[in-house]
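Dear colleague,

I am handing over the structure below, and I would be grateful if you could look through it before reading my notes, which follow directly after it.

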Amino acid sequence: MPEYIQIKDVAKYASQEVLIKGWVYQKRSSGKLHFLQIRDGSADIQAVIFKNDVSEEVFELGDKIALESSVEIVGVVNEHKRSKIGYEISVRDMKLISDGEGYPITPKEHGVAFLMENRHLWLRSPRQRAILRVRNEIIKSIRDFFYEKGFTLVDAPIFTPSACEGTTNLFETTYFDTKAYLSQSGQLYMEAAAMALGKVYCFGPTFRAEKSKTRRHLTEFWMVEPEMAFCDLDGDMALAEEFVEYIVQSVVAKCRDELEVLERDISKLENIKRPFPRISYDEAIEILKKNGHEDIKWGDDFGGDEETVISEQFDRPVMIHHYPAECKAFYMKQDEQNPKTVKCVDMIAPEGYGEIIGGAQREENIDILLEKLKANNLSEEAFEWYLDLRRYGSVEHAGFGLGIERTVSWICGLHHVRETIPFPRLMDRIKP
RNA sequence: UCCUCAGUAGCUCAAUGGCGGAGCAACCGGCUGUUAACCGGUAGGUUGUUGGUUCGAGUCCAACCUGGGGAGCCA
């Protein structure tokens with residue numbers, strides 16, 4: 001039996017006989033020869049079956065085989081100029097492992113609803129595989145970045161006793177004889193961890209029971225949340241832009257083939273270099289007034305339309321800082337110069353992809369924090385442990401959260417975040 | 001939750017209120033270099049559900065179900 005190899009390694013076996021195992025994802029026939037496109041997960045290659053090279057049974061199998069059947073192929077690796085991988089395989093023997101008869105997804109067009117019903121199979125298509133590979137690279141670059149910067153990964157809990165921010169709707173679940181909620185953010189726990197380890201981050205799933213039906217929303221999504229002790233808003237913004245530059249440039253360097261499959265304009269990604277523009281909320285309001293949003297007034301939060309108008313003024317992500325306090329969460333630090341604003345920052349991705357980062361310097365003054373809790377109708381009791389962080393050695397600290405799916409969506413140039421996660425959870429969809 | 005659009009063959013879509021069709025997939029046949037291959041043939045239907053208007057409803061009306069797009073909220 002020849003050596004079992006992965007398709008990505010065929011170049012090392014030119015002119016040799018090898019064994020490959022994979023799935024038939026496309027087939028064409030021309031009388032006395034069949035062309036089977038084979039996928040093994042590592043790469044794709046064309047297998048060619050000449051009638052005279054194989055037994056009658058194998059040639060018959062090549063003719064009848066259904067798409068997405070799994071097979072073992074023994075053949076010789078030959079150069080082939082028209083092939084993307086540079087080689088094709090001349091089949092000597094082929095064995096059916098399992099029949100793919102009736103596979104519902106064809107190489108023709110399908111609607112979104114049908115593909116979502118068949119998400120477990122849709123993952124096999126080239127486009128979906130490319131997206132998952134980019135997502136993988138993004139996640140790897142995130143972990144590398146924080147590791148190199150001396151951050152410690154600290155996992156936040158998923159069951160929580162109450163809302164972190166007190167604003168969004170949470171998924172409620174039964175926790176023995178009491179209620180618990182699925183976490184909407186690990187941030188408060190990271191603030192505790194930062195007082196122990198200095199620079200920390202968490203990376204896990206988050207849950208929001210908002211009835212949002214837009215291309216930017218999932219009910220279950222992944223978020224990475226760094227938190228730094230002895231850090232102010234400027235330090236926070238500096239980290240955020242270095243972080244996003246690092247992620248984008250890692251993908252550009254490592255995922256060229258995938259970006260090509262996705263027909264992404266790579267030059268737009270190559271351009272994502274520091275420094276990113278920083279504008280205040282006040283400046284953002286001025287931009288909006290000059291660009292068709294004359295009605296906007298100080299104190300209004302920005303919706304998708306507004307974000308797009310602002311992002312269109314720049315060719316890289318833009319950071320908007322110092323929002324009105326009333327738009328933002330209770331824990332954000334009040335600005336000393338203008339107490340109506342807080343030391344926060346949102347990073348808006350270019351090309352209309354919306355907010356990918358929300359962050360802030362945190363309020364470390366316990367008296368102001370107590371007032372904010374009261375103003376937001378949040379119970380002091382539930383936040384006792386959080387207040388302890390201000391009672392014992394409180395320091396300036398800041399952090400942010402980056403949404404993985406929106407980042408994948410932007411970098412891949414997708415229309416909807418549902419394709420950025422293997423099994424999306426949406427308001428009206430929890431299957432498959 | 002609200003606004004909006006849609007639901008017809010396995011898939012993508014046609015069909016003026018008057019005999020439900022096409023392309024792809026499937027199946028049968030042809031082709032020694034195909035790249036969404038091509039050529040010929042066969043089969044495939046409770047038109048989302050319930051009710052209503054009408055001589056007659058895929059088509060008009062109502063409610064419901066399912067899904068798409070968007071808003072608010074957010075990452």
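**Notes on the RNA surface and the sheet**

Of the 45 residues around RNA strand B, those that come nearest are Arg28, Arg82, Lys108, Arg215 and Arg406, where a residue is near a molecule or strand if one of its heavy atoms lies within 4 Å of it. Please keep in mind that this is a predicted model, in which local features need pLDDT of at least 70 and side-chain atom pairs count only at pLDDT 80 or more, while totals for chains, interfaces and linings use all residues. Residues are numbered from 1 along each chain as its sequence is written, chains are lettered from A and ligands numbered from 1 in the order in which they are written, and side-chain values use heavy atoms, with hydrogens and water left out.

Among the polar contacts (pairs of N or O atoms within 3.5 Å), a polar side-chain atom of Asn52 lies 3.1 Å from a base oxygen of RNA strand B, and a backbone N or O atom of Gly111 lies 2.9 Å from a phosphate oxygen of that strand. Elements giving two or more residues to this surface include β1 (17–29), β2 (33–39) and α2 (112–117); helices (H or I, at least four residues) and strands (E, at least two) are DSSP runs, numbered from the N terminus.

Elsewhere, an open sheet of 8 strands with mixed pairing runs in the order β6-β10-β11-β16-β15-β14-β13-β12, two strands being paired if DSSP finds at least two bridges between them. Its edge strands are β6 (152–153) and β12 (278–280), whereas β13 (residues 318–321) and β14 (residues 344–349) pair in the antiparallel sense over 4 bridges, with Val345 in β14 as the bridge partner of His321.

With best regards

How values were computed. A polar contact is a pair of N or O atoms within 3.5 Å; within protein, one must be able to donate a hydrogen and the other to accept it, and residues adjacent in sequence count only if both atoms are side-chain atoms.
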